[in-house]
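Let's take a walk through this structure together, starting with a little vocabulary and then moving from the whole chain to a few of its side chains.

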Amino acid sequence: MPKTIVSDNGTEMTSMPILKGAISTGTYIAPGKPMQNGFVASFNGRFRDECLTEPLFSSLAQAGAAVTAWKED
């Protein structure tokens, strides 16, 4: 079984079987329903508020350093 599946909501013939499979395995999070996985929604909010809100990063290296410092803190 693959670890992840990325779907672009393709044609009906492919998207519906993928959607049914995701629902049956409990891995589907409906659009606009972040509380179906509250831990991830909470983490994303904290990460955005504490690490990404204020600074403007001038490079990918600078952003990586800020994320690493936040993670270690």
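A residue counts as buried when its relative accessible area is under 20%, as exposed when that value is over 50%, and as partly exposed in between. Keep those cut-offs handy, and keep in mind that what you're looking at is a predicted model.

First, the overall picture. The chain has three helices and zero strands, so if you read along the sequence you get the pattern α-α-α. Buried residues make up just 10% of the 73 residues in the chain. The accessible surface adds up to about 6,400 Å², and carbon and sulfur atoms account for 60% of that.

Now for helix α2, which runs over residues 38-52. With its 15 residues, α2 reaches 20 Å from first C-alpha to last, close to the 21 Å you'd expect at 1.5 Å a residue. Which residues of α2 are buried? They are Gly45, Phe47 and Cys51. Part of what covers them is α3, residues 60-72.

How do α2 and α3 sit relative to each other? Their axes come within 11 Å and cross at roughly 115°, and the crossing is right-handed. On the α2 side, the residues that meet α3 are Phe43, Arg46, Phe47, Glu50 and Cys51, while α3 brings Ala66, Val67 and Trp70 to the contact.

Some of those names come back when you look at the aromatic rings. The structure holds three aromatic pairs. In one of them, the rings of phenylalanine 43 and phenylalanine 47 have their centres 5.8 Å apart and their planes at 10°, so this pair is stacked; planes under 30 degrees apart are what earns that label. Why can these two meet along one helix? An α-helix has 3.6 residues a turn, so residues three or four places apart point the same way. Phenylalanine 43 and phenylalanine 47 are four residues apart in α2, which puts about one helical turn between them.

The two partners don't get equal cover, though. Phenylalanine 47 has a relative accessible area of 18%, so it falls under the 20% cut-off and is buried. Phenylalanine 43, at 32%, is partly exposed. Ring pairs also bring in Trp70, linking it with Phe43 and Phe47 into a cluster.

One last stop is lysine 71, which is found in helix α3. Is lysine 71 buried or exposed? Its relative accessible area is 64%, so lysine 71 is exposed. Lysine 71 and cysteine 51 are 20 residues apart in sequence, and their C-alpha atoms are 9.2 Å apart in space. Cysteine 51, you'll recall, is one of the buried residues of α2.

How values were computed. Residues numbered from 1 in each chain as written. Predicted model: local features only at pLDDT ≥ 70, side-chain atom pairs only at ≥ 80, totals over all residues. Heavy atoms only, no water. Helix = DSSP H or I, 4+ residues; strand = E, 2+ residues; numbered from the N terminus. Buried < 20%, exposed > 50% of the residue type's maximum accessible area, 1.4 Å probe, protein only. Areas by Shrake-Rupley, 256 points an atom, 1.4 Å probe, with all protein chains shown as cover. Phe/Tyr/Trp six-rings, centres within 6.5 Å; stacked < 30°, edge-to-face > 60°. Expected span 1.5 Å × (residues − 1). Contact = heavy atoms within 4.5 Å. Axes fitted to C-alpha atoms, helices over the stretch in contact; angles between N-to-C directions. Left-handed = near helix turned anticlockwise from the far one by under 90°.
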